[in-house]
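The following paragraphs lead the reader through a single chain. The sequence and the structure are shown first, and the discussion then begins from a single contact.

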Amino acid sequence: MVHPQAKINALKWIKNLMNLAKEMELKNDLELEKRYIFLALEISKHYKVKFDKRYVCKNCYSYLIPGKNATIRIRKGRIILKCLRCGNVKRFVIRKNQTS
């Protein structure tokens, strides 16, 4: 069993790595971006911690920024997020009670 403090620290590491990945995407350093995202996913698996993977492409491990390397569409009550690097598509259902 993982200690609760370790899970809190893991969430901090993941948040930090995702922020670094976003910065690397904006600076066009693709190798570091992919490495940071891969490390964040590995930490979440190891410590059994969930985080929002909505803006991570499962196929090419890139941080999806709508308008830069991803397109976002809203159709029939769904958000469709398409990676422009590999063409992978993610779909999310829009809930009525969802607050962002």
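**From one contact to the whole fold**

Between the side chains of Asn69 and Glu25 there is a polar contact at 3.4 Å. The model in which this contact is found is a predicted one. Asn69 lies in the loop that runs between H2 and E1, whereas Glu25 is one of the buried residues of helix H1. Asn69 is itself buried, because its relative accessibility is 4% and the cut-off for burial is under 20%. When its neighbours within four places in sequence are set aside, Asn69 has contacts with Glu25, Ser62, Tyr63, Leu64, Lys82, Cys83, Leu84 and Arg85. Of these, Lys82 and Cys83 fall in strand E2, which covers residues 78–83.

The wider setting of this contact may now be described. The chain contains two helices and three strands, and along the sequence these follow the pattern α-α-β-β-β. The C-alpha trace spans about 40 × 35 × 20 Å along its principal axes. Of the 100 residues in the chain, 30% are buried. Among contacts with a separation of 6 or more, 44% are between residues 24 or more positions apart.

Helix H1 comes at the start of this pattern. H1 comprises 23 residues, from 4 to 26, and its first and last C-alpha atoms are 34 Å apart, close to the expected 33 Å at 1.5 Å a residue. Its buried residues are Ala10, Ile14, Leu17, Met18, Ala21, Met24 and Glu25, and they pack against helix H2, residues 30–47. Ile8, also located in H1, counts as partly exposed because its relative accessibility is 42%. The C-alpha atom of Ile8 is separated by 23 Å from that of Lys34, a residue 26 positions away along the chain. Just after H1, Asn28 adopts a positive phi of about 65°.

What do the helices contribute to the largest nonpolar core? This core has 16 residues, and those that touch the most other members are Ile14, Met18, Ile37, Ala40 and Phe51. H1 and H2 each provide at least two of its residues, and H1 gives the most, with six. Ala40 illustrates how the members come together: beyond its neighbours within four places in sequence, Ala40 is in contact with Ile14, Leu17, Met18 and Phe51. Apart from this core lies another, of eight residues, which include Cys60, Ile79, Cys83 and Phe92. As a general background, nonpolar side chains in soluble globular proteins tend to be buried together.

The second core leads to the strands. The three strands form an open sheet in the order E1-E2-E3, with antiparallel pairing. E1 and E3 are the edge strands, each pairing on one side only. From one strand to the next, the twist averages 20°.

Consider the pairing of E1 with E2. E1, residues 70–75, is joined to E2 in the antiparallel sense by six bridges, and within this pair Ile72 has Leu81 of E2 as its bridge partner. The two strands make a hairpin with two residues between them, and Lys76 in the turn has a positive phi of about 50°.

On the other side of the ladder, E2 pairs with E3, again in the antiparallel sense, over five bridges. Ile79 stands opposite Phe92 in E3, and both residues are among the members of the eight-residue core. Lys82, for its part, stands opposite Val89 in E3. The hairpin of E2 and E3 has five residues between the strands, and Gly87 there takes a positive phi near 85°.

Which side chains of E3 are buried, and which are not? In a regular strand the side chains alternate between the two faces of the sheet. In E3, residues 89–93, Lys90 and Phe92 point to one face and are buried, whereas Val89, Arg91 and Val93 point to the other face and are not buried.

The description may be closed at its starting point. The polar contact between Asn69 and Glu25 links the loop between H2 and E1, where Asn69 is found, to helix H1, where Glu25 is buried.

Technical notes
Residues numbered from 1 in each chain as written. Predicted model: local features only at pLDDT ≥ 70, side-chain atom pairs only at ≥ 80, totals over all residues. Heavy atoms only, no water. Pairing = 2+ DSSP bridges. Expected span 1.5 Å × (residues − 1). Buried < 20%, exposed > 50% of the residue type's maximum accessible area, 1.4 Å probe, protein only. Contact = heavy atoms within 4.5 Å. Polar contact = N/O pair within 3.5 Å; in protein donor to acceptor, adjacent residues only side chain to side chain. Core = buried A, V, L, I, M, F, W, Y, C linked by side-chain atoms within 4.5 Å. Axes fitted to C-alpha atoms, helices over the stretch in contact; angles between N-to-C directions.
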